[in-house]
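Colleague: I've got a new model open on my screen and would like to talk it through. Can you walk me around?

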Amino acid sequence: MTGRRSDAERNYRRILTVAEAEIAELGAAASIERVARTAGLGSATVRRHFPTRQALLEAVFAERAQALQARAAELTGESDSRAALLAWLRDFTDYAVSARGFADVLAYEPPAEVGGEADAEAASSSCGTTLEAALAPLLSRAQRDGAARPEASCHDLVTAVAGIALATEQHRDPAGQAARLLDLFVEGLSPRG
């Protein structure tokens with residue numbers, strides 16, 4: 001955000017604040033037009049900062065993805081690699097279930113697969129890429145210790161958690177159902193010795 005004019009920076013912050021509230025209420029269905037109206041800005045102004053809904057969703061959830069990245073770094077030093085991996089997956093699942101729209105952000109295929117420099121740049125700053133990078137040392141260590149299936153990838157785990165969050169979104173007890181499904185998934189990923 002360096003080099004951005006102060007009014008553009010204020011608009012950017014205002015858009016994010018309004019978008020967070022809209023997404024909390026409507027999930028990923030929140031429209032750029034409604035965000036613009038609520039923020040008191042034109043949709044062209046919002047689209048200058050966030051050309052797509054996906055870009056807006058990524059920006060709204062970037063801070064939480066970074067917090068999950070920091071949590072993974074904390075867990076990397078734990079002596080039990082299986083427990084560390086599962087603790088992070090549980091934290092990730094809890095957040096994905098509680099933050100409407102977050103699972104939708106993760107349900108997209110990484111843009112780098114499309115090709116091009118802009119796509120690669122978008123992929124490198126996406127929430128999914130951030131989470132996969134955070135998860136990599138935890139999964140790698142658990143696999144090395146024989147505590148996780150060797151064919152599992154970080155993308156597989158992020159996709160599974162996103163799927164669990166999406167599948168339980170309308171459940172009477174989304175958090176309880178998501179925890180149950182995660183436990184079932186974990187037994188396939190890392191059966192108890």
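Modeller: Sure, and keep in mind that this is a predicted model. One term before we start: a residue is buried when its relative accessible area is under 20%, exposed when that area is over 50%, and partly exposed in between.

Colleague: With that settled, what percentage of the residues in the protein are buried?

Modeller: The chain counted here has 193 residues. Taking the ones that fall under 20% relative accessible area, the buried share of the protein is 39%.

Colleague: And what about the surface, how much area does the protein expose?

Modeller: Carbon and sulfur atoms supply 50% of the exposed area. The total that the protein exposes is about 10,200 Å².

Colleague: Which kinds of elements is it built from, and how many of each?

Modeller: Reading from the N terminus, the elements run α-α-α-α-α-α-α-α-α-α. No strand turns up in that run, and the tally is 0 strands and 10 helices.

Colleague: How much of the contact network comes from residues 24 or more positions apart?

Modeller: Contact here means heavy atoms within 4.5 Å. Looking at contacts with a separation of 6 or more, the share from residues 24 or more positions apart is 64%.

Colleague: I always check cysteines. How many disulfides does the count come to?

Modeller: A disulfide is a covalent bond between the sulfur atoms of two cysteines. The cut-off is a pair of cysteine sulfur atoms within 2.5 Å. Cys127 has 1% relative accessibility and Cys154 has a relative accessible area of 14%, so both count as buried. As for disulfides, the count comes to 0.

Colleague: Is Leu106 buried or exposed?

Modeller: Leu106 is in helix H6, residues 102-106. Leaving out residues up to four places away in sequence, Leu106 touches Phe92, Cys127, Gly128, Leu131, Val158 and Ala162. Its C-alpha is 9.8 Å from that of His155, 49 residues away along the chain. Relative accessibility is 7% for Leu106, and because the cut-off is under 20%, Leu106 counts as buried.

Colleague: Now the other end of the chain. Which residues does Leu189 touch, not counting residues up to four places away in sequence?

Modeller: Leu189 is part of helix H10 and is buried, at a relative accessible area of 5%. Leu157 is 32 residues from Leu189 in sequence, with 9.1 Å between their C-alpha atoms. The residues Leu189 touches are Leu85, Leu89, Ala148, Arg149, Ala152 and Leu157.

Colleague: How does Ser153 count by accessibility?

Modeller: Ser153 is in the loop between helix H8 (127-144) and helix H9 (154-168). From Ser153 to Leu139 is 14 residues in sequence and 7.9 Å in space, C-alpha to C-alpha. The relative accessibility of Ser153 is 27%, so by the 20% and 50% limits Ser153 counts as partly exposed.

Colleague: Where is Glu169, and what does Glu169 touch, not counting residues up to four places away in sequence?

Modeller: Glu169 is in the loop between H9 and helix H10 (174-189). With a relative accessible area of 33%, Glu169 is partly exposed. Ala96 is 73 residues from Glu169 in sequence, and the C-alpha atoms are 9.7 Å apart. The residues touched by Glu169 are Gly101, Asp104 and Pro174.

Colleague: Last stop, the second largest pocket. How much space lies in it, and which residues lie nearest its centre?

Modeller: The second largest pocket holds about 380 Å³ of space. Helix H1 (6-26), helix H4 (53-75) and helix H5 (81-98) are the elements that give two or more residues to its lining. By class, that lining has 11 nonpolar, 3 polar and 5 charged residues. Of the 19 lining residues, the ones nearest the centre are Glu20, Ala59, Val60, Phe61 and Glu63.

How values were computed:
Residues numbered from 1 in each chain as written. Predicted model: local features only at pLDDT ≥ 70, side-chain atom pairs only at ≥ 80, totals over all residues. Heavy atoms only, no water. 1 Å grid on protein atoms, 1.4 Å probe; cavity = no way out; pocket = protein on both sides within 12 Å on 5 of 7 lines; lining within 4 Å. Points joined across faces, edges and corners; volume = space filled by probe spheres on them. Nonpolar A, V, L, I, M, F, W, Y, C, P; charged D, E, K, R; others polar. Buried < 20%, exposed > 50% of the residue type's maximum accessible area, 1.4 Å probe, protein only. Areas by Shrake-Rupley, 256 points an atom, 1.4 Å probe, with all protein chains shown as cover.
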